[in-house]
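Student: I am new to this protein and would like to work through its architecture step by step. May we look at it together?

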Amino acid sequence: VILDTFSGGLEEGVTSVWKLSPNPARKEVRLECGRELFEEVSVEVIDIEGKKVPATILKSTGEAGVWNISLRSLPQGIYFVKVVGEGWHWMQKVLKW
């Protein structure tokens, strides 16, 4: 089972920079980047079949590098939260219950 993946040209150990909680989740997950971001990133939610699903993703205005992702409209199941930057991406599985 893949829990946490990274691909790209950032320094080693970048997977420990990102945190997704709670997991499993019922209504919402919080995505946090543990370091300053010097580029824009996109955040998306993907279902088990690899399709992007509609989810409300709000970047926190009070905290840099924090996103709140609503899972309320999604049925129970396995999803992936994917963060994409220039030349890299990070993805983690999240269980919606």
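The questions and answers below concern the fold, the core and the surface of a predicted model.

Student: Which pattern does the protein follow when read along the sequence?

Tutor: The predicted model has zero helices and eight strands. The pattern therefore holds strands alone, given that helices and strands are taken as DSSP runs numbered from the N terminus. Read along the sequence, it is β-β-β-β-β-β-β-β.

Student: What share of the contacts with a separation of 6 or more joins residues 24 or more positions apart?

Tutor: A contact here means heavy atoms within 4.5 Å. Val81 offers a case to examine, since its partners include Leu20, Leu31 and Val43. For the protein, the share is 59%.

Student: Which residues touch the most other members of the largest nonpolar core?

Tutor: In soluble globular proteins, nonpolar side chains tend to be buried together. Here the largest nonpolar core has 21 residues. Strands β2, β3, β4, β6, β7 and β8 each supply at least two of them. The residues that touch the most other members are Trp18, Leu31, Ile69, Val81 and Val83.

Student: Is Leu95 buried, partly exposed or exposed?

Tutor: Leu95 lies in strand β8, which spans residues 88-96. Together with Ile48 and Ile78, Leu95 makes a nonpolar surface patch of about 260 Å². Its relative accessibility is 39%, and because buried means under 20% and exposed over 50%, Leu95 counts as partly exposed.

Student: What percentage of the residues count as buried?

Tutor: The accessible surface of the protein comes to about 6000 Å², with 52% of it belonging to carbon and sulfur atoms. Among the 97 residues of the protein, the buried share is 34%.

Key: Residues are numbered from 1 along each chain as its sequence is written. This is a predicted model: local features need pLDDT of at least 70, side-chain atom pairs count only at pLDDT 80 or more; totals for chains, interfaces and linings use all residues. Side-chain values use heavy atoms; hydrogens and water are left out. Patches are made of residues with over 30% relative accessible area and no salt bridge: like charges are joined within 9 Å, nonpolar side chains (Val, Leu, Ile, Met, Phe, Trp, Tyr) within 5 Å. Accessible areas come from the Shrake-Rupley method with a 1.4 Å probe; for residues, only the protein chains shown count as cover. A salt bridge is a side-chain nitrogen of Lys or Arg within 4 Å of a carboxyl oxygen of Asp or Glu. Helices (H or I, at least four residues) and strands (E, at least two) are DSSP runs, numbered from the N terminus. Buried means under 20% relative accessible area, exposed over 50%, partly exposed in between (1.4 Å probe, protein chains only). A nonpolar core is a set of buried Ala, Val, Leu, Ile, Met, Phe, Trp, Tyr and Cys residues joined through side-chain atoms within 4.5 Å. Lists of a residue's contacts leave out its neighbours within four places in sequence.
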